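Biologist: I am new to this one. Could you show it to me and walk me through a few of the terms?

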Amino acid sequence: MRRLRLERQTRRSEGPRRGGALAAAAAATVVALTASGCVTVHGETAVVPGATPDEASAALAAFVTAFNRADKANDPTLDAAQVTGPLGAINQAGLKSKSVTQPGGNPDHQPLELRDARFLVPAKAGWPRWFVADADASRDDGTPQAGNRWLVAFLKGGPDQPWKAAHLAIVGPDAMPGFAEEKGDEVPLPATSKATAIAPEELSERYAEYLKDGGTGPFAAGAHTSQWREKRARTAQRPGLATQWIDRPADTGDFAPLALATEDGGALVFFASRHYERQTTAKGYRPKVGPELKALMKGEVVNTVTKEWMSSQVVLVKPAGTEKDAVTFAGRLQGVVSVEGS
């Protein structure tokens with residue numbers, strides 16, 4: 001595969017890289033797609049690639065430019081037009097908080113570069129359309145994570161609308177599965193598809209149910225499933241402080257799942273969810289709220305503070321007929337997007 005720097009990327013991938021399961025995603029408040037079922041608008045029923053190479057390259061370049069401007073200035077308005085969905089929610093809330101705590105700009109700003117880009121562009125009819133940019137990021141240069149790949153999923157809601165980045169996943173250098181292709185294009189898996197053990201449209205709700213009730217379920221044990229439930233149980237009751245969790249699906253509009261069919265008959269799926277963390281202190285005490293959270297707060301803290309987290313998951317789903325460990329978490333990005341005191 002020929003690799004070019006971002007500014008000169010002109011062709012799509014000549015084929016998928018092989019590898020094992022996706023590496024765990026990077027930390028939460030790093031900046032963290034819509035359903036891939038066909039939608040017909042203005043009579044557009046032809047199945048075509050979601051973007052040309054030039055369109056995809058330009059969208060990625062525009063995102064990086066806007067992201068850097070916003071991150072340097074701590075100004076969410078500077079990249080608001082370039083982000084949406086879970087990534088947009090996390091990015092905008094983080095910048096809003098920093099605009100209050102660091103109003104003079106980000107003293108630790110390091111320009112982001114996304115290099116060596118290739119594009120996974122599924123063919124589909126109608127709108128919305130989407131593609132995934134697979135690139136090497138400068139953020140981990142000189143670290144043990146050097147060589148990780150950033151997957152940025154872009155959405156376009158109509159012919160006159162801009163491309164916006166909706167999901168971000170950070171994966172190991174050889175962690176991508178092989179993707180199914182038809183006539184040289186990647187294959188989108190409809191949200192309602194029965195080809196996989198769990199339909200993409202069911203993942204967000206099933207995940208919320210699992211976190212609440214546990215049980216075997218379709219999810220393999222790991223940091224974002226069994227271990228997260230165990231951590232919640234350990235911290236639910238502390239002297240003078242009680243913590244409750246409420247989990248909700250986020251699966252409509254630009255938060256709906258995106259799935260690419262894999263060669264093994266399964267899928268790589270991005271999906272989102274919301275998680276509410278409520279902390280209540282004993283009478284006479286108040287929960288501790290740092291300046292980053294205060295910048296997002298509504299209301300006044302008396303003895304309760306509720307944090308809303310947006311979470312973006314990347315999972316590998318096995319083919320239909322698989323019952324045990326059908327869904328393996330490849331990574332999860334999360335960030336606080338709102339805070340309420342009471």
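Biologist: Which elements do the buried residues of H3 pack against?

Modeller: They pack against H4, E10, E12, strand E14 (304-317) and E15, where contact means heavy atoms within 4.5 Å. Helices (H or I, at least four residues) and strands (E, at least two) are DSSP runs, numbered from the N terminus. This is a predicted model, in which local features need pLDDT of at least 70 and side-chain atom pairs count only at pLDDT 80 or more, while totals for chains, interfaces and linings use all residues. Residues are numbered from 1 along each chain as its sequence is written, and side-chain values use heavy atoms, without hydrogens and water.

Biologist: What makes a residue of H3 buried or exposed?

Modeller: Buried means under 20% relative accessible area, exposed over 50%, and partly exposed in between (1.4 Å probe, protein chains only). In H3, Leu-203, Ser-204, Tyr-207, Ala-208, Tyr-210 and Leu-211 are buried.

Biologist: Why are these residues said to be on the same side of H3?

Modeller: Because they cover an arc of only 160 degrees around the axis; the arc is that of the directions from the helix axis to the C-beta atoms. On the other side of H3, Lys-212 and Asp-213 are exposed.

Biologist: And which residues are buried in H4?

Modeller: Ser-226, Trp-228 and Arg-232 are buried there. Their arc is only 165 degrees around the axis, so they too sit on the same side of H4. Ala-233 and Arg-234, on the other side of H4, are exposed.
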